[in-house]
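Colleague: Hi! Could you walk me through this one? I'm new to reading structures.

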Amino acid sequence: MEDPYLRERSADMEDIGRRIIDVLEGNEHNGVKLKEKRVIVAEDIFPSDMAMLDHDKILGIATEKGNIYSHAAIMAKSLGIPAVVGVKGLLHAANVKDQVIVDGTSGQIYLNPEKQVRDEYLRLEKEYTTRLKELEPLRDLPAVTSDGTRILLRANIGLLSDVRTAIANGAEGVGLYRTEFPYMARTTFPNRQEQAALYGKILEGFPNQPVNIRTLDIGGDKGLPYFSYPHEDNPFLGWRSIRVSLDEEEIFREQLAGILLAAPVGQATIMFPLISCLDEVRRIRAILDSVVEELCQQGHDVCSGLPLGIMVEVPAAVQIIDRLAAEVDYLSIGTNDLIQYMLAADRNNAKVKQYYEPYHPAVLHAIKRVADVGRQTGKKVSLCGEMAADPLYALLLVGMGIREFSLSAPSIPLVKQAIRSHSLRLCQAMARKVLAFDTACDIKRYLAIRRKKLFG
């Protein structure tokens, strides 16, 4: 097909065809089984693939398609699995018995590297292991700037196996639980009891710590094989996320019931994605109140006063953030989607990747506006997305007023070390400087200098 987006979707059709053949052959429960630890090399890998693989057996991932903001890449990062995506010609060049080095930091792939390259990476691996051991004492220490400002570092999780990784890295609860990923490993929508059982296990994994449960966020690049979508020329601007939940109210009610049933186990909060107007928030509250009433009539002891939050991911929400803040208990800035909607750049489209710019002044000023409104209204503001996983950019965001982050768990120790090693005054000075620049190039140039000065 001529359309590049639709051409990318051909892999979805192959995935569906593979699943149909597996079912016909009676292999629907087998999936891909790795007998020993391996690097996965593929044309593409979907969130549903990641959900069903044995993560302990994956040494690394390399794909021809995708980019660092694809959900499979984000899942790999949260699991501490090095991944390099979008490597053209990879499948033609790689063979089954090749030795492979996957450098997730630089984005480089080495096939059958020479001895000096292998030796260098063995040295780097040893240094990395030593660095992790040095960071271990920080695990149970708070993230506090050198002049006493407390910052909360929570984890992004998508699967039950993420809980162990989050705890091992010192996460202070869950800032974003992506509930759609467990759906991807199933053949039908789970009912409220099945969801309650899963959410309960997540909550039990974080006793006395908050778990922000985001409702189903499907559509865009996240599909379910058992749920039909209409044909859309641009799915990211179409029927996705909260729009699906509000149109498919029974599915939404089942999920809300599952969350409410599990809530007494821990400190659950509910977060709603892709909110763009007050009408959506008010309709959500009406549906939630109805579900609470239904469960009470059935004799369930439910928590009716759970904190409710929204994800700030579209420019419309930024524009009316003061009004939205008045309707909810907290705000969470989802930078991955906010960037693509603010700059009209599909994060999965390689043709426009140069326009997907996290440090565009419009993006940074939008974040600052939300942080300011949160402070003025007394509503907590967190930030989740790949921006928070870089120590330097975390310092910048602290300077802009963000006091709570949700990030991939393996990134928490390095970010915590950076926060504990620098002052709020330095962060604020850096933010003032950055917000005064006119272009993303100026901002990146300045931050490169700061990185060298602060981190060597």
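Modeller: Happy to! Keep in mind that this is a predicted model. Let's start where helix α15 ends: the residue that follows α15 is A344, and its phi is positive, near 55°.

Colleague: And α15 itself, how many of its residues are buried?

Modeller: 8 of the 9 residues in α15 (residues 335-343) are buried, so the helix is largely enclosed by the rest of the structure. Among them are T335, Y341 and L343.

Colleague: Cool. New topic: how many salt bridges does the count come to?

Modeller: The count comes to 24 salt bridges. In one of them, the side chains of R164 and D56 meet at 3.2 Å, N to O. R164 lies in helix α7 and D56 in the loop between α3 and β2, so the pair ties together parts that are 108 residues apart in sequence.

Colleague: Is R164 buried or exposed?

Modeller: R164 counts as exposed, at 56% relative accessibility. Its partner D56 is partly exposed, with a relative accessible area of 48%.

Colleague: What about E404, which residue does it form a salt bridge with?

Modeller: That's K380, with the closest N and O atoms 4.0 Å apart. E404 lies in strand β14 and K380 in strand β13, so this pair ties together parts 24 residues apart in sequence. E404 is buried, because its relative accessible area is 7% and buried means under 20%.

Colleague: Last one: which residues do salt bridges that share partners join into one network?

Modeller: R192, E249, R253, E254, R283 and E294.

Conventions: Residues numbered from 1 in each chain as written. Predicted model: local features only at pLDDT ≥ 70, side-chain atom pairs only at ≥ 80, totals over all residues. Heavy atoms only, no water. Buried < 20%, exposed > 50% of the residue type's maximum accessible area, 1.4 Å probe, protein only. Helix = DSSP H or I, 4+ residues; strand = E, 2+ residues; numbered from the N terminus.
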